[in-house]
Each structure stands twice: as structure tokens, then as C-alpha cells.
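Visitor: Could you take me on a close look at one part of this structure? I would love to see how its pieces meet, told as one connected story.

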Amino acid sequence: MASGDVLSHIGRMILSPDDVRVQREGCAAICSIARDATRLRAVLASDGMATVIAAMRRHPDDVEVQCQGCGALRSLTLDEEGRRRAATATAQVEAAMRQHSADAKVQSNGCGTIQGFAFSEEART
């Protein structure tokens, strides 16, 4: 997936905040592509993290948005800048984990995201 595809997903998410399918697909795409360092930086530069958090806030009852959103945030913590920014999402990750406590994927991705926060330079000081 090219950087243009990243921007395309983020753009669709911003333009269609109430379309749960678009939000699911966008979060899943960000989760996948953010594992590549260059693309991860493109997501961060394009305000992709804020877009994921907005999707999670707008669709708290949708387990797939929460699962993919936590997964996307987890992927974004692979980079120090991503970890610093993701620290602002702690409350959203905790809310997803509380609301979907029986969903193993939400729990796994949420724990992974919180673990990523712990590796942040700021968290260690």
C-alpha cells in the first residue's frame, strides 16, 4: 500500500465520519501500513492518529472499529514519535477495553497499545 493510499483512507475517514464501514476499513488499513517506518511517518504527518481516535469516539459500540482502532494505535507505537502522540489516546484505549471486555482481539490490541506507551522515552522518565 503506497503513501497515497494512506492519505486516501484518512481522507475518506474524515469525509465520512458516520460511515462505520469506512471507519473500520480506514482503521484496519492504518493498522496494517503503519508497520512500515516510512508509511507510519506518513500516517502521523497526515493526522492519522487523531482520525483513528475520532473514529473510536464516534463508534464506541462497534467492536470492529474499536478492535481495528486499537490495532492501528498499537502499530503507531512502533515509532518514538508515534508513542509520544499515542499517549494522548490512553483514555480511548481504556474505554474500548472496558466496553468490549469480552472481545479477545480488542483486549489484545489494547494491551499492545498500552505496552507501546510504556516504551516511550517520556513514560520512562
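Guide: Let's start where helix 2 meets helix 4: Q23, C27 and I30 of helix 2 are in contact with G48, V52 and A55 of helix 4. The residues of this contact divide into four nonpolar, two polar and no charged. Please keep in mind that you are looking at a predicted model.

How do the two helices lie against each other? Helix 2 covers residues 20-33 and helix 4 covers residues 48-58, and they pack at an angle of about 140°, with their axes 10 Å apart. That angle makes helix 2 oblique to helix 4, because roughly antiparallel would need an angle over 145 degrees. The crossing of these two helices is left-handed.

Now stay with helix 2 and look towards helix 5. Here the axes come within 7 Å and cross at roughly 25°. Angles under 35 degrees count as roughly parallel, so helix 2 is roughly parallel to helix 5. Once again you can look for the handedness: helix 2 passes helix 5 in a left-handed crossing. On the helix 2 side, the contact is made by V20, Q23, R24, C27, A28, I30 and C31. Facing them in helix 5 are E64, V65, Q68, G69, G71, A72, S75 and L76. Sorted by type, the residues of this contact are eight nonpolar, five polar and two charged. If you go back to the names, Q23, C27 and I30 of helix 2 appear in the contact with helix 4 and also in the contact with helix 5.

I30 is a good residue to follow inwards. The largest nonpolar core has 30 residues, and I30 is among those with the most contacts inside it, along with V43, M49, V52, L73 and L76. Which helices feed this core? At least two residues each come from helix 1 (3-15), helix 2, helix 3 (37-45), helix 4, helix 5 (63-76), helix 7 (90-99) and helix 8 (104-118). Helix 5 gives the most, with six residues. There is a broader pattern to remember here: in soluble globular proteins, nonpolar side chains tend to be buried together.

From I30 you can step across to V43, another of the residues with the most contacts inside the core. Setting aside neighbours within four places in sequence, V43 is in contact with V6, I10, I30, I33, G48, M49 and L76. Two of these names, I30 and G48, you have already met where helix 2 and helix 4 come together.

I10 then leads us to T51, which sits in helix 4. T51 counts as buried because its relative accessibility is 9%, and buried means under 20%. Beyond its neighbours within four places in sequence, T51 is in contact with I10, M13 and I14. T51 and I10 are 41 residues apart along the chain, yet their C-alpha atoms are separated by 6.9 Å.

Just before helix 4, pause at D47, in the loop between helix 3 and helix 4. D47 has a positive phi of about 65° although it is not a glycine. Is D47 buried, partly exposed or exposed? At 47% relative accessibility, D47 counts as partly exposed.

Finally, let's visit helix 7 and helix 8, two more contributors to the core. Their axes come within 9 Å and cross at roughly 155°, so these helices are roughly antiparallel to each other. Their crossing is left-handed. Helix 7 brings T90, V93, A96 and M97 to the contact, while helix 8 brings V106, Q107, G110, C111, T113, I114 and F117. These residues divide into seven nonpolar, four polar and no charged.

Between helix 7 and helix 8 there is a loop, and H100 is found there. H100 is buried, with a relative accessible area of 11%. Not counting residues up to four places away in sequence, H100 touches P60, D61, D62, V63, Q66, V106 and Q107. V106 and Q107 may look familiar, since they also take part in the contact of helix 8 with helix 7.

Our last stop is A118, in helix 8. A118 is partly exposed, with a relative accessible area of 46%. A118 and A87 are 31 residues apart in sequence and 9.2 Å apart in space, C-alpha to C-alpha.

Definitions and conventions:
Residues numbered from 1 in each chain as written. Predicted model: local features only at pLDDT ≥ 70, side-chain atom pairs only at ≥ 80, totals over all residues. Heavy atoms only, no water. Axes fitted to C-alpha atoms, helices over the stretch in contact; angles between N-to-C directions. Helix = DSSP H or I, 4+ residues; strand = E, 2+ residues; numbered from the N terminus. Parallel < 35°, antiparallel > 145°, perpendicular 65-115°, else oblique. Left-handed = near helix turned anticlockwise from the far one by under 90°. Contact = heavy atoms within 4.5 Å. Nonpolar A, V, L, I, M, F, W, Y, C, P; charged D, E, K, R; others polar. Core = buried A, V, L, I, M, F, W, Y, C linked by side-chain atoms within 4.5 Å. Buried < 20%, exposed > 50% of the residue type's maximum accessible area, 1.4 Å probe, protein only.
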